[in-house]
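Hi,

Here is the structure I promised to pass on. Have a look at it first, and then read on for what turned up.

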Amino acid sequence: PGVTSAALTMTRLWPRPVVLVEADLAGSDLVFRVRTSDGELLDESRGIVPLAVASRQEAPSAASLTSFAQALSATSWVVKGVTGPAQARSLAALWAHIAAVCEASDQDVIIDFGRLNRDSDTIALAARCDVMLLVLAATLEGVHHVAAQMAELSTALAGVNPTVIRPLVIGPDTHAANDRRDIAAFLADRGVLVDPTLSLPYDPRGLGFIESGEVSSNRANRSLLVRAGGVVVKTVASTATDMAGAR
C-alpha cells in the first residue's frame, strides 16, 4: 500500500532536480492524481512507451530522460507509465535500455515499481538503483511479506551495483517509532539487518498537499506527511549520494 504516494512525496520534497519514472506494470496511477506545472493533465502521448522506443534506437544522453518527461515543478518531472498490463508486456525486453537512459540522466531519478519480485520484467531497471524502499503496512502480514521480499531481492539485485534495501512502513503516526523498532527487531531476528527502518504516516490531508504541489506553505509544513517525508528524503538522498560517490 502507498507505493505511488510515497514516490510522489519523495519527488515533491527532493532537494535536487529529480525525475519520477512510473514503472508500475499494472498501469499509471499519477495520470489521475497530479497536474503538470501548467495545471494540465498529464499528456498521454509522452511517457515510458515513447521513451522505451527511443532508447532502443539511439544512445542515451544526459537530456534523454527529461525529453520524455513532463514538468511537475521547476525542479521535478514525471515520466508517465503504461496504461495497463497489456501495454506493459510490449516493453518486456526494453527495461535494460530504459535503465541506461535513467543512468545517463543529469537529474536524480525516483522510480515507482508498484509490485516487484525477481521475475518482474522491470528487475533490469531495479538492479541499477542505489536505494530500494519496500513499502509495507504496519501489520504482521506486511512484515512477513517484506522479510521474504528483502531476501529474494537481495539476491536478484546483487552483482550489477550494490543496492541498499530498506523497509518503509506506512501507518499511524502515533505508532511510528514503535513500528520502526518492532520491524527492525523482527528482521534482525531473521538475519536481515536494516538501519534505519523508515516510516511515513497515513495522512490524507498531507497527501492532498503533496498531490497539488503545495509543499512549501505553512499549512503543508505542519502536516504529518510533509514533515515525515522530509526525514525520509534526507536519509535516502544522503545514502544515494554516498553510494554514487563510491562508484
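Is Leu65 buried or exposed? Keep in mind that this is a predicted model. With a relative accessibility of 0%, Leu65 counts as buried, because the cut-off for that is under 20%. You'll find Leu65 in the loop that runs between helix 2 (48-57) and strand 2. Leaving out residues up to four places away in sequence, Leu65 touches Val19, Val21, Leu51, Val79, Val101, Cys102, Ser105 and Val109. There is also a pair to look at across the sequence: Leu65 and Ile98 are 33 residues apart along the chain, and their C-alpha atoms are 8.9 Å apart in space.

Now to the sheet that holds strand 2. This open sheet has 4 strands in the order 2-3-1-4, with mixed pairing. Strand 2 (70-71) and strand 4 (108-112) are at the edges with a single partner strand each, so each has one side without a neighbour in the sheet.

Strand 1 (residues 18-22) is the one I'd click on next. Strand 1 runs parallel to strand 3 (residues 76-79), and 4 bridges join the two. Within that pairing, Leu20 has Val78 as its bridge partner, and Val21 has Val79. Strand 1 also runs parallel to strand 4, this time joined by 5 bridges, and here Val21 stands opposite Ile111.

How many of the residues of strand 1 are buried? The count is 5 of the 5, so strand 1 is largely enclosed by the rest of the structure. As a reminder, side chains in a regular strand alternate between the two faces of the sheet. In strand 1, Val18, Leu20 and Glu22 point one way, while Val19 and Val21 point the other way, and all of them are buried. Helix 1 (residues 3-13) lies across strand 1, strand 3 and strand 4, and its angle to strand 4 is about 165 degrees.

Next, the nonpolar cores. The largest one has 45 residues, and Ile48 and Phe113 are the members that touch the most others in it. A second, separate core has 35 residues, including Val78, Leu168, Ile210 and Val233. Going back to Ile48, its contacts beyond four places in sequence are Val21, Glu22, Val79, Lys80, Gly81, Val82, Leu91, Trp95 and Ile98.

Then there's the other sheet. This one is open too, with 3 strands in the order 5-6-7 and parallel pairing. Strand 5 and strand 7 are at its edges, each with a single partner strand, so one side of each has no neighbour in the sheet. From one strand to the next, the twist averages 30 degrees. Strand 5 and strand 6 pair over 7 bridges, with Leu136 bridged to Val169 in strand 6. Strand 6 (residues 164-171) and strand 7 pair over 4 bridges, and Ile170 stands opposite Leu200 in strand 7.

Strand 7 (residues 198-201) is covered on both faces: Leu198 and Leu200 are buried on one side, and Ser199 and Pro201 are buried on the other.

Helix 7 (residues 176-189) lies across strand 5, strand 6 and strand 7, at about 140 degrees to strand 6. One residue to pick out in helix 7 is Asp182, which counts as partly exposed at 43% relative accessibility. Asp182 and Gly206 are 24 residues apart along the chain, with 25 Å between their C-alpha atoms.

Last, the largest pocket. The space in it comes to about 1,300 Å³. Its lining is made of 49 residues, and Ile111, Phe113, Val131, Met132 and Leu133 are the ones nearest its centre. Which elements give two or more residues to that lining? They are helix 1, helix 4 (95-104), strand 4, strand 5 (131-137), helix 6 (140-156) and helix 10 (224-246). Strand 5 gives the most, with 7 residues.

A few residues tie these parts together if you want a place to start. Phe113 is one of the two residues with the most contacts to other members of the largest core, and Phe113 is also among those nearest the centre of the largest pocket. Ile111 is in that central group as well, and Ile111 is the residue opposite Val21 in the first sheet I described.

Cheers

Key. Residues are numbered from 1 along each chain as its sequence is written. This is a predicted model: local features need pLDDT of at least 70, side-chain atom pairs count only at pLDDT 80 or more; totals for chains, interfaces and linings use all residues. Side-chain values use heavy atoms; hydrogens and water are left out. Two strands pair if DSSP finds at least two bridges between them. Contact means heavy atoms within 4.5 Å. Axes are lines fitted to C-alpha atoms, for helices over the stretch in contact, and angles run from 0 to 180 degrees between N-to-C directions. Buried means under 20% relative accessible area, exposed over 50%, partly exposed in between (1.4 Å probe, protein chains only). A nonpolar core is a set of buried Ala, Val, Leu, Ile, Met, Phe, Trp, Tyr and Cys residues joined through side-chain atoms within 4.5 Å. On a 1 Å grid over the protein atoms alone, a cavity is a set of points where a 1.4 Å probe fits but cannot get out, and a pocket is an open set with protein on both sides within 12 Å along at least five of seven lines; lining residues have an atom within 4 Å of a point. Grid points are joined across faces, edges and corners, and a volume is the space filled by probe spheres set on the points.
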